[in-house]
Amino acid sequence: MVEKEIIENNADATRALEARLSDADLQHELGGGWDVSTALAHAAFWDRRAVQVFERWVRDGTPYRDQDDDILNDCLLDEWRALPPRVAANLAIAAAHAVDSTVAVLPDAVVAAVIAGGNDFLLHRGRHRREHVEQIEATLAGSAS
C-alpha cells in the first residue's frame with residue numbers, strides 16, 4: 001500500500017494547483033519559451049502518463065520504462081503552447097486528480113516494484129506538481145513587486 005504521507009503530499013500539491021490563477025496569470029512568462037499555462041500543460045501530460053503507466057502495470061505487469069523521457073518536453077512544447085491557457089490549467093487539475101486517485105489504490109506488489117526499480121517519483125507526483133507551482137508562485141510574486 002502507498003504510504004499515507006505520499007497520498008497526503010500528492011493531495012496537497014493538487015490543492016495548490018487548484019488555486020485560482022487569473023487568465024493574465026496563466027499567460028505570464030516563466031522563461032525559456034514557457035509560460036504558466038505551458039507549465040501546467042506539461043504537468044498534466046506527465047500525470048496522465050503516470051496513470052497510463054500504472055494502469056498497464058496493474059493490468060499486465062509491464063513495468064515503467066524510461067524511453068526518451070528527456071526529449072518529450074521538447075517535442076510537446078509547441079502543442080502545450082497551442083492550448084488555450086484555461087484549458088491547460090483545467091487539464092492539469094484533472095490529471096492531478098486522476099493520478100492521485102490511481103496512486104492511492106495501487107496494489108502492494110506494484111508499489112513495491114516501483115520502489116525497488118528506483119522509480120518512486122512515479123508515486124510522488126506531488127513533487128513534480130509542487131516544483132511547477134513554486135516556480136509559478138515565485139515568478140508571479142516577482143512580477144508583482
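At what angle do the axes of helix 1 and helix 7 cross, and within what distance do they come? In this predicted model, the axes of helix 1 (residues 4-18) and helix 7 (residues 125-144) cross at roughly 30° and come within 8 Å. Because angles under 35 degrees count as roughly parallel, helix 1 is roughly parallel to helix 7. Their crossing is left-handed.

**Helix 1 with helix 7**

On the side of helix 1, the contact involves Asn9, Asn10, Asp12, Ala13, Thr14, Ala16 and Leu17, which meet Arg125, Gly126, Arg129, Arg130 and Val133 of helix 7. The residues of this contact divide into 4 nonpolar, 4 polar and 4 charged.

**Helix 3 with helix 7**

Helix 7 also packs with helix 3 (residues 36-60), at an angle of about 180° and with the axes 10 Å apart. Helix 3 and helix 7 are therefore roughly antiparallel to each other. In this contact, Val36, Ala39, Leu40, His42, Ala43, Trp46, Asp47 and Ala50 of helix 3 meet Arg125, His128, Arg129, His132, Gln135 and Ile136 of helix 7. By class, there are 7 nonpolar, 4 polar and 3 charged residues.

**Helix 3 with helix 5**

The axes of helix 3 and helix 5 come within 8 Å and cross at roughly 30°, so the two helices are roughly parallel to each other. Helix 3 passes helix 5 in a left-handed crossing. Residues of helix 3 in this contact include Leu40, Ala44, Val51 and Phe54, while those of helix 5 include Pro85, Ala89, Leu91, Val99 and Val103. The contact has 16 nonpolar, 2 polar and 2 charged residues.

The three contacts are set out by residue class below.

| Contact | Nonpolar | Polar | Charged |
|---|---|---|---|
| Helix 1 with helix 7 | 4 residues | 4 residues | 4 residues |
| Helix 3 with helix 7 | 7 residues | 4 residues | 3 residues |
| Helix 3 with helix 5 | 16 residues | 2 residues | 2 residues |

**The cavity**

Rolling a probe the size of a water molecule over the atoms shows where empty space is left. The structure holds 1 cavity of 30 Å³ or more, and about 40 Å³ of space lies in the largest cavity. Which residues line the largest cavity? The lining is formed by Leu17, Glu18, Ala19, Arg20, Leu21, Leu26, Arg86, Ala89 and Ile93. Helix 1 and helix 5 (85-104) each supply at least two residues of this lining, and the largest share, 3 residues, comes from helix 5. By class, the lining has 6 nonpolar, no polar and 3 charged residues.

Key. Residues are numbered from 1 along each chain as its sequence is written. This is a predicted model: local features need pLDDT of at least 70, side-chain atom pairs count only at pLDDT 80 or more; totals for chains, interfaces and linings use all residues. Side-chain values use heavy atoms; hydrogens and water are left out. Axes are lines fitted to C-alpha atoms, for helices over the stretch in contact, and angles run from 0 to 180 degrees between N-to-C directions. Helices (H or I, at least four residues) and strands (E, at least two) are DSSP runs, numbered from the N terminus. Angles under 35 degrees count as roughly parallel, over 145 as roughly antiparallel, 65 to 115 as roughly perpendicular and the rest as oblique. A crossing is left-handed if the near helix is turned anticlockwise from the far one by less than a right angle, and right-handed if clockwise. Contact means heavy atoms within 4.5 Å. Ala, Val, Leu, Ile, Met, Phe, Trp, Tyr, Cys and Pro count as nonpolar, Asp, Glu, Lys and Arg as charged, and the others, Gly among them, as polar. On a 1 Å grid over the protein atoms alone, a cavity is a set of points where a 1.4 Å probe fits but cannot get out, and a pocket is an open set with protein on both sides within 12 Å along at least five of seven lines; lining residues have an atom within 4 Å of a point. Grid points are joined across faces, edges and corners, and a volume is the space filled by probe spheres set on the points.
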